[in-house]
Amino acid sequence: MPAFRQVGEKQLPNPVLCMAWSPKRDLIALANTTGELLLHRLANFHRVWCLSPNENTGKEITALAWRPDGKILAFSLGDTKRVVLCDAEKAEILHLFRVENPISCMHWMEVLEENSVLSSFYSSEDESKLFLPKLPTLPKSYSTTSKIFSEERSDEIMNLLGEVRLNILVLGGGSGVVELYAYGMYKIATLSGVLGTSRSLCLSSDLKSLSVITEVKSPDNRLEICFIQLDTALLSDCLPEVTRMARKFTHISSLLQYLCLSLTCMCEAWEDILMQMDARLTKFVQEKNTSTQVQDEFLELLLWGQSSPELQALLMNQLTVKGLKKLGHSIESSYTSIQKLVISHLQSGSEALLYHLSEVKGMSLWKQKFQPLGLDSAAIEDAITAVGSFILKANELLQVIDKSMKNFKAFFRWLYVAMLRMSEDHVPPELNKMTQKDIAFVADFLSEHFSENEELFDRKGKYFNVERVGQYLKDEDEDLVSPPNTQGNQWLKFLQESTHLKESPLLFPTYPQKSLHFVKRMMEAVIELCLQKPAEVIGRSVKQAACVSLYSIPESSENTPRLFELPSLWNDRKSNMHTVVFCMPEVSPCKLFLLRKPTDPHRSVSNSLMAIDLSGVFISSVDAAQPGVHTGRVYSCRDARFYDDETLTVVLGACEEEEGSGRVLAQLPLGPALRRQEDFSWDLSLRLDQQSAAIPAQGLVVESQWRGLDSMTAHYVAVNGIRKVACVVSANLRHVRVFEMDVEDEEDEDRGESTNTSVDQVGLDDSLASQGGAGAQVGAGGQEGGVGGNEESQLEAGEALEIS
């Protein structure tokens, strides 16, 4: 009987551009032509969630990659030149960064090397938790309105770090640039000089080499496919140091994002107070039709208890007693929120940033270990100084908030009493007394917020100035409108008079004329410069070890999508080999080719290039009763992906076929071919397709591991050998079928089509069903009964899907 059990099939409304199976769960991510990112599960191909495109990300998804633990999904956007890290459980954007060139392919790998130095680092990496308090959670009430992050929480930002073991996201695009990002966040190397546009990437798990498939324009204006191997020996030789450095810099990147979100929350709190204050008091000032200044009228009311009829009418009609009371409470609440965010979030995040930067500085001073990686102690010292300046500016904001709160409270209390008297209402005795200090606070408020500076009026277009605190939160390069008054400050006077302390590197510089946003941007720029140096040094150390031209692309297929097409790369971790699988339909339509290269560029192997003859692959096992498969047919490969180190999953099609017939999904055992010792004498001055006839060929017999794909023009396949699943897509990119690869159809007769024999899939179904609000209902045996209207079904990280 044919193998593989079909567990789902669907016609999609939009063509699929990318697809990738999760490495840890029975989940597949799809990207379509409308820019949607969709997550489906194996059972019945039901959708878990959909992330729609927006102006902050983009609409043209060009590549997908899963983090090795399956918790983060990375995707690249060609129209906005961004890479986005998405939470696989909640479809939330956790992190994004810009790239200079559009990304055409990506690969996310995990380093599996073990040694005593790394083991000790893994066990001690979380020592910072002993010295630093846990970062407070960001308030949802503000972060839900953030432009990028929806209901973001600080613990989710920290989850970006993932496991301590090093993992690297490799990005490839046009203009010969390849970039490596440790933990998907910190750029650890920038490689330039790679020929052409990258189509496939594979970084070896021992970090000794990076294999790249590129598309290059030949002298005769034809597109050629080339294989390039890059020597990344520095990463391999300094693996413990690279891991330490990358982990620290990823901590720093996460903390910068945390500070950015905290500042966003503060700005949103201030915008609320600004809108209320401007809407009421600015309107009041602009509608005043008397010849005297507003400040003078308020001072007259303050000193003599008398007001002009116009002022009284505007106060009682526009502002009202009730409105004034509500406005006062709102302003006080906003000030308090900003103050709490500075103390609990900005200060704690900045202190953690200083801690990690200080540790990186200590690493940089160990020149024998870390100097080859480009750690510059002077650049790190500049970063520490910039963080110190940011902390000083945050403390300055606290002092301004404290003073402004006193002035605001005094002003609103006085104005509230004055309005009660105007309306002849009862004034509570506790509000009826004003000290000389209260009068001074009110006078300060009037002088600061009802400024008569005509230049300010023209610049801001407003007659009421509420920028004493807000000026610190504006993302502008202009100087502060009302900088703090430092007259009489004994410490500053002492510093100015001291010739030794004035230029001391031990003191953090202050920027009294600049906003908090400005100092934050300056700090980010200095830290970014500090982080860039190792990437440049490591990138320069990478050398090209091999470059061979494989074949030219037929003119008929030059404009077809490249996101699925062969060649594909595979990293054999056991034997430390990179394998390229590809076809040359113009010269050998019925053959599949394998190119094998050791991950160590200095090692050579025999049998590095071989061909698999597909012309008689089903001769001994053909079942004439199986639709779409017939004796005597000659098959060619439509798509191929490695299932494991010695098995290839292929979609085959008859060389001469009718539409929708003759397609086969099969598992090809590569063991016999890999064990052959025939060598091929490769003339590197010629393309491989010009000498393909001399490549040793191996015939294969597939006994039961195949299945006919009737009523479907199958063309592309994505597989996950660990989860033992496959997804086949039609040539029009709309028709999808999913299979379990380790069971046969005859089991369906015993258990029923609704039974799912995968224990892990049952665990996923039960997990989704237990979250009642998500709308997923699971019946007996794991068959899903229905999906609710909202498609925000969440995946629990601790579910039974993790591979032990």
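Let me begin with one pair of residues: Leu594 has Met610, in strand 21, as its bridge partner. Strands here, like helices, are DSSP runs numbered from the N terminus, with at least two residues of E for a strand and at least four of H or I for a helix.

Before going further, I should say that this is a predicted model, in which local features need pLDDT of at least 70 and side-chain atom pairs count only at pLDDT 80 or more, while totals for chains, interfaces and linings use all residues. Residues are numbered from 1 along each chain as its sequence is written, and side-chain values use heavy atoms, with hydrogens and water left out.

Staying with that region, strand 20 and strand 21 (residues 609-613) run antiparallel and are joined by five bridges, where pairing requires that DSSP finds at least two bridges between two strands. Strand 20 also pairs with strand 19 (residues 577-584), again in the antiparallel sense, over seven bridges, and these two strands form a hairpin with three residues between them. Within that pairing, Met577 has Pro598 of strand 20 as its bridge partner. Eight of the 11 residues of strand 20 (residues 588-598) are buried, so this strand is largely enclosed by the rest of the structure; buried means under 20% relative accessible area, exposed over 50%, and partly exposed in between, with a 1.4 Å probe and protein chains only.

Turning to the chain as a whole, its secondary structure comes to 19 helices and 31 strands, and 55% of its 804 residues count as buried.

Now to the interior. The largest nonpolar core has 109 residues, and those touching the most other members are Leu166, Leu180, Ile188, Met266, Leu353, Leu516 and Ile527; such a core is a set of buried Ala, Val, Leu, Ile, Met, Phe, Trp, Tyr and Cys residues joined through side-chain atoms within 4.5 Å. Helix 11 (residues 377-422) supplies the largest share of this core, 24 residues. If we leave aside neighbours within four places in sequence, Met266 is in contact (heavy atoms within 4.5 Å) with Ile338, Leu341, Val342, Leu346, Leu397, Leu473 and Leu516. There is also a second, separate core of 24 residues, which includes Val581, Leu648, Leu674 and Val702.

Finally, an open sheet of four strands has the order 6-7-8-9, with antiparallel pairing. Its edge strands, each pairing on one side only, are strand 6 (61-66) and strand 9 (92-98). Strand 8 (residues 82-87) pairs with strand 9 over six bridges, and Val84 stands opposite Leu96 in strand 9.
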